[in-house]
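Let's take a walk through a protein model together. Have a look at the picture first, and then we'll pick out some spots and talk them over.

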Amino acid sequence: MKGGFIVSCFPFTMTESCNSECSWRINNQSTSGWSLSMTEVRIPKHIMRYEDAVLGCKYDLDGESLYSVKWYKDGFEFYRYVPRDMPPGQVFPLPGVDVDLQNSTDNVVVLHRVTLQSTGRYRCEVSGEAPSFQTVSGHEDMIVVVTPTKGPQITGGQPRYQIGDMVRVNCTSAPSKPICHLSWLINGIHANRSFLRYYEPKLVGREGLEVATLGLEFRCVAKISSVYWQSNEESVESDKHQRIPVLESRETVVPKSRLLDKSLDENQKKSSTTTTSAAQTSFKEEDFRFIFVITVLVRFLHILNKLFTNIMAVTTISTIS
């Protein structure tokens, strides 16, 4: 909005799960002169909690016989595939690892409904048959993600601010794993880093979910425009469509009806002033004319009086003669 500003905060976490579009690291750990080699290790980098994780391990025997394929999490074995055994697949209990044995093979291991305990480093180890027992391996890290159940909350804002007041607000995310990365935006532009205040994350619940808080601190300023009637107030509002609370500072524009009323009042005052001035001017002119007429009349009477006096004097002299 013109002349005002909107500040908002939002979080983001890595929530992509592995699919055909994910990029996988290829580990070729064969040694010069060895025929066995690792060609690909597929492990999702991020996966949502309670989803099934598919771990892939591809290798090239180059004519040798396979002795075993073993899977480890953080150094502990949880799955082994030995072709000569019946059944060939074997599971070793490990917290956070629930292997779907029926759908697991020498190339694929399926983990059922991963939890936060499933986060860790997974390694695939392939061994050839005797007598060389050549062994190659590859590994990747997998992070199980718990997203916030609701949007971030803005706290600390006041309903109203005056020019020169210090605005101090905090943006706090709902619990998540890993921790959310918060950002402040002012009019859609990332806030200056000098305005930001950083806080240590908090751990909540038995699962150790993390809560992030990012503060924003700046002084309220305003620009004066000759076009609009403005106020220096700020108000807190919530954007229902985005479901992200926003602290909004806006200038108050006087409605047209109020501006029209004010204009009419001013015009009436001007009209009244003009009428009074005109009346005063008209009165002064009439008064001047009246005084002028009286003055002329007095002089005229004075002349007549002298003339009458002279006539009477001449008449008297004639009679005496």
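Let's start with a cysteine on its own. The sulfur of Cys-180 sits 9.3 Å from the closest cysteine sulfur, the one in Cys-171, and that is too far for a bond. A disulfide needs the two sulfur atoms within 2.5 Å, so Cys-180 and Cys-171 don't make one. Cys-180 is also tucked away from the surface: it counts as buried because its relative accessible area is 5%, and the cut-off for buried is under 20%. Keep in mind that what you're looking at is a predicted model.

So where is there a real link? The structure holds one disulfide, and the partners are Cys-57 and Cys-124, with their sulfur atoms 2.0 Å apart. This pair ties together distant parts of the chain: Cys-57 belongs to strand S4 (residues 53-60) and Cys-124 to strand S9 (residues 120-128), 67 residues apart. The angle about the S-S bond is -80 degrees, which makes the link of Cys-57 and Cys-124 left-handed. Both Cys-57 and Cys-124 are buried.

Now slide over to the loop between strand S8 (108-111) and S9, where you'll find Ser-118. Is Ser-118 buried or exposed? It's buried, because its relative accessible area comes to 0%. And what is Ser-118 in contact with, once you leave aside its neighbours within four places in sequence? The answer is Lys-73, Gly-96, Met-142 and Val-144.

Next up is strand S18 (residues 213-219), which is mostly covered, with five of its seven residues buried. Strand S12 (residues 166-172) runs antiparallel to S18, and seven bridges join the two. One example to look for is Val-169, whose bridge partner in S18 is Leu-216. Strand S15 (residues 196-198) is antiparallel to S18 as well, joined to it by three bridges. There, Tyr-198 has Leu-214 in S18 as its bridge partner.

Finally, zoom out to the whole protein chain. Its secondary structure adds up to one helix and 20 strands. Of its 321 residues, 32% count as buried. If you take the contacts with a separation of 6 or more, 61% of them come from residues 24 or more positions apart. As for the outside, the protein chain exposes about 21,000 Å², and carbon and sulfur atoms supply 56% of that.

Key:
Residues numbered from 1 in each chain as written. Predicted model: local features only at pLDDT ≥ 70, side-chain atom pairs only at ≥ 80, totals over all residues. Heavy atoms only, no water. Helix = DSSP H or I, 4+ residues; strand = E, 2+ residues; numbered from the N terminus. Buried < 20%, exposed > 50% of the residue type's maximum accessible area, 1.4 Å probe, protein only. Contact = heavy atoms within 4.5 Å. Pairing = 2+ DSSP bridges. Areas by Shrake-Rupley, 256 points an atom, 1.4 Å probe, with all protein chains shown as cover.
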